[in-house]
Amino acid sequence: MKVLPKVDESGKFYEDVEIRGNGIIKGVQEHWSVDSDPAVRGYIVGYPIPEGLYSPRLDVDRLKAEFGLESKDWYDGNDPEIAKTYWVEGLTADEIAELTKPNLTESEQIRHEMAEQNAEMWDFILSSVGGA
C-alpha cells in the first residue's frame, strides 16, 4: 500500500490517499467524483510533497501550460528534483508570518501589556513636563 497526496482542482493539498495494489502512479492522475456529477474533483499526485511548505499547492496551471489542458501525460515524476518544482507555497508571506509568530504565555502577555502601559505613561509624563 502506498500513500499519495490528493489535491483539489486548483492544486491545493486536500488529503493523503491510500493506493492499494502495486500503487504505481508516476504523474498526476485525475480523481473523479463518485456521485452523479462526473466533474473532476481533483488529482492524485504520484510524487511527494517537498518538506517546508505550510500549505502545499500543486501548480496545476503550470502543468496545464507545459503539458496541455487535457493531457494524461503530465510530468511523470521520475526525477524527484524536477517534481519538487511543481509544488508551491499556498500561503502568502504575511500568512506564514502570522502562523509562525511565537505564542506568548499568559504571564509574558501580561508583562508585555504592562511594558506598553509604562511606556505610554512615561510618554505622557514627559510630554506634560516638556510643555510646561
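Accessible areas here come from the Shrake-Rupley method with a 1.4 Å probe. On that basis, the accessible surface of this protein comes to about 9500 Å², and carbon and sulfur atoms hold 54% of that surface. The model is a predicted one.

## Overall architecture

The protein has 132 residues, of which 25% count as buried. Its secondary structure consists of 4 helices and 6 strands. In sequence order, these elements follow the pattern β-β-β-β-β-α-α-β-α-α. Among the contacts with a separation of 6 or more, 52% involve residues that lie 24 or more positions apart.

## The β1-β2 hairpin

Strand β1 covers residues 2-8 and strand β2 covers residues 13-19; the two run antiparallel and are joined by 6 bridges. One of the pairings links P5 with D16, its bridge partner in β2. Between the strands of this hairpin there are 4 residues, and G11 adopts a positive phi near 100°.

The residues K6 and E15 are connected by a salt bridge, with 3.7 Å between the closest N and O atoms. The two partners differ in exposure: K6 is buried at a relative accessible area of 5%, whereas E15 is partly exposed at 32% relative accessibility.

## Nonpolar cores

In soluble globular proteins, nonpolar side chains tend to be buried together. The largest nonpolar core of this model contains 11 residues: V7, V28, Y43, V45, Y47, L58, V60, L63, A83, Y86 and W87. At least two residues of this core come from β4 (40-45), and at least two come from α1 (60-67). Another core, of 5 residues, lies apart from the largest one and includes L4, V17, I19 and I44.

I44 deserves separate description. This residue is found in strand β4 and is buried, with a relative accessible area of 8%. Beyond its neighbours within four places in sequence, I44 is in contact with L4, P5, K6, V17, I19, I25, G27, V28, Q29 and H31. I44 and V7 stand 37 residues apart in sequence, yet their C-alpha atoms are 6.5 Å apart in space. V7 is listed in the largest core, while I44 is listed in the core of 5 residues.

## Salt bridges

Side chains of opposite charge can pair when their charged atoms come close. The structure holds 4 salt bridges, and three pairs are described in the table.

| Pair | N to O distance | Relative accessibility, residue by residue |
|---|---|---|
| K6 and E15 | 3.7 Å | K6 5%, E15 32% |
| E66 and R62 | 2.7 Å | E66 41%, R62 27% |
| K84 and E81 | 3.3 Å | K84 39%, E81 52% |

E66 and R62 both belong to helix α1, where they are 4 residues apart, about one turn of the helix. E66 is partly exposed, and R62 is also partly exposed. K84 and E81 are separated by about one helical turn because they lie 3 residues apart in helix α2 (residues 80-84). Within this pair, K84 counts as partly exposed at 39% relative accessibility. E81, at 52%, counts as exposed, because the cut-off for that class is over 50%.

## Buried polar positions around β5

Two further positions, S55 and D59, lie in the loops on either side of β5. S55 is found in the loop between β4 and β5, and D59 lies in the loop between β5 (56-58) and α1.

S55 is buried, with a relative accessible area of 15%; this value counts as buried because the limit is under 20%. Apart from its neighbours within four places in sequence, S55 is in contact with K12, V88, E89, G90 and L91.

D59 is buried as well, and has no salt bridge. The nearest side chain of opposite charge is R57, 4.4 Å away. That separation does not qualify as a salt bridge because the criterion requires a nitrogen-oxygen distance within 4 Å. With neighbours within four places in sequence set aside, D59 is in contact with Y86 and V88. Y86 is a member of the largest nonpolar core, and V88 is also among the contacts of S55.

How values were computed:
Residues are numbered from 1 along each chain as its sequence is written. This is a predicted model: local features need pLDDT of at least 70, side-chain atom pairs count only at pLDDT 80 or more; totals for chains, interfaces and linings use all residues. Side-chain values use heavy atoms; hydrogens and water are left out. A nonpolar core is a set of buried Ala, Val, Leu, Ile, Met, Phe, Trp, Tyr and Cys residues joined through side-chain atoms within 4.5 Å. Buried means under 20% relative accessible area, exposed over 50%, partly exposed in between (1.4 Å probe, protein chains only). Lys and Arg count as positive and Asp and Glu as negative; His and the chain ends are not counted. Contact means heavy atoms within 4.5 Å. Two strands pair if DSSP finds at least two bridges between them.
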